[in-house]
Amino acid sequence: MAQGRKTGGRQKGTPNKPNPLKEHLRTHSEAYFKPTIKVEDEETANILKVEVGTLVSRFDIDSALMEPKERAAAQIQLLPYHTAKMQSVSAEVSLSGDVTTTIEERLADLAKQNDM
């Protein structure tokens, strides 16, 4: 039994084993979002709202063909993958001393202390 220190396992810096499925999905995603298609006609450029000759991705084409509602839903679903998720924070506050005085009374007391 280890006595509070690491006695086995992988050496520090050893990379994880390759996962073929993850690698395939990553490659597929990168290809989908990478701009590789050249816009060659004015009609397509107008639909995509780009200039002729611009490189676009399959994602750009798909999103341009979506209805605004569908495009917004797709963006919302993609958001967690490139934005940090907000964490909720809780705080406990305890009051001590005289909590029945008003702000005006406390300020007057502080002013009196300052004059002394």
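In the predicted model, Ser57 touches Tyr32, Phe33, Lys34, Pro35 and Ile37, residues up to four places away in sequence not being counted. Ser57 itself is located in the loop that runs between β2 (55–56) and α3. With a relative accessible area of 1%, Ser57 is buried, the limit for that class being under 20%. Two of the residues that Ser57 touches, Tyr32 and Phe33, also belong to an aromatic cluster, which is described next.

Across the whole structure, the search returns 3 aromatic pairs. One of the pairs is formed by Tyr32 and Phe33, whose ring centres are 5.2 Å apart and whose planes meet at 80°; the pair is therefore edge-to-face, since planes over 60 degrees apart are placed in that class. Tyr32 is partly exposed, its relative accessible area being 25%. Phe33 likewise counts as partly exposed, at 38% relative accessibility. Phe33 is also paired with Phe59: the centres of these rings are 4.9 Å apart and the planes lie at 45°, so this pair is tilted. The assignment follows because planes under 30 degrees apart count as stacked and those over 60 as edge-to-face, the rest being tilted. Phe33 belongs to helix α1 (residues 20–33) and Phe59 to helix α3 (residues 58–65), so the pair ties together parts that are 26 residues apart in sequence. Phe59 is buried, with a relative accessible area of 16%, a value that falls in this class because the limit is under 20%. Tyr32, Phe33 and Phe59 together form one aromatic cluster. The cluster thus includes the buried Phe59 as well as the partly exposed Tyr32 and Phe33.

Helix α1 also holds a charged pair. The search of the whole structure yields 1 salt bridge. In this bridge the side chains of Arg26 and Glu23 meet at 2.8 Å, N to O. Both residues lie in helix α1, where they are 3 residues apart, about one turn of the helix. Arg26 is partly exposed at 43% relative accessibility, and Glu23 is partly exposed at 41%.

The segment before α1 contains Asn19, a partly exposed residue with a relative accessible area of 32%. Asn19 and Ile47 are separated by 28 residues in sequence and by 39 Å in space, C-alpha to C-alpha. Further along the chain, Lys49 is placed in the loop between α2 (42–48) and β2. The phi angle of Lys49 is near 60°, which is a positive value in a residue other than glycine. Lys49 is exposed, its relative accessible area being 75%.

A nonpolar surface patch is made up of Val93, Leu95 and Val99, which together present about 360 Å² of accessible area. Val93, one of the patch residues, lies in the loop between α4 (68–78) and α5 (103–115). The relative accessible area of Val93 is 74%, and the residue is exposed, because the limit for that class is over 50%.

At the level of the whole chain, the protein comprises 5 helices and 2 strands. Along the sequence, these elements follow the pattern α-β-α-β-α-α-α. The radius of gyration of the protein is 30 Å, well over the 13 Å given by the globule rule for 116 residues, so the protein is more spread out than a compact globule. Taken along the principal axes, the box filled by the C-alpha atoms is roughly 80 × 60 × 25 Å. Of the 116 residues in the protein, 7% are buried; Ser57 and Phe59 are among the buried residues. Of the contacts between residues at least 6 apart in sequence, 16% join residues at least 24 apart. The protein exposes about 11400 Å², of which carbon and sulfur atoms supply 55%.

Key: Residues numbered from 1 in each chain as written. Predicted model: local features only at pLDDT ≥ 70, side-chain atom pairs only at ≥ 80, totals over all residues. Heavy atoms only, no water. Phe/Tyr/Trp six-rings, centres within 6.5 Å; stacked < 30°, edge-to-face > 60°. Buried < 20%, exposed > 50% of the residue type's maximum accessible area, 1.4 Å probe, protein only. Helix = DSSP H or I, 4+ residues; strand = E, 2+ residues; numbered from the N terminus. Contact = heavy atoms within 4.5 Å. Patch = residues over 30% accessible without salt bridge, like charges linked within 9 Å, V, L, I, M, F, W, Y side chains within 5 Å. Areas by Shrake-Rupley, 256 points an atom, 1.4 Å probe, with all protein chains shown as cover. Salt bridge = Lys/Arg side-chain N within 4 Å of Asp/Glu carboxyl O. Rg over C-alpha atoms; globule rule 2.2 N^0.38 Å.
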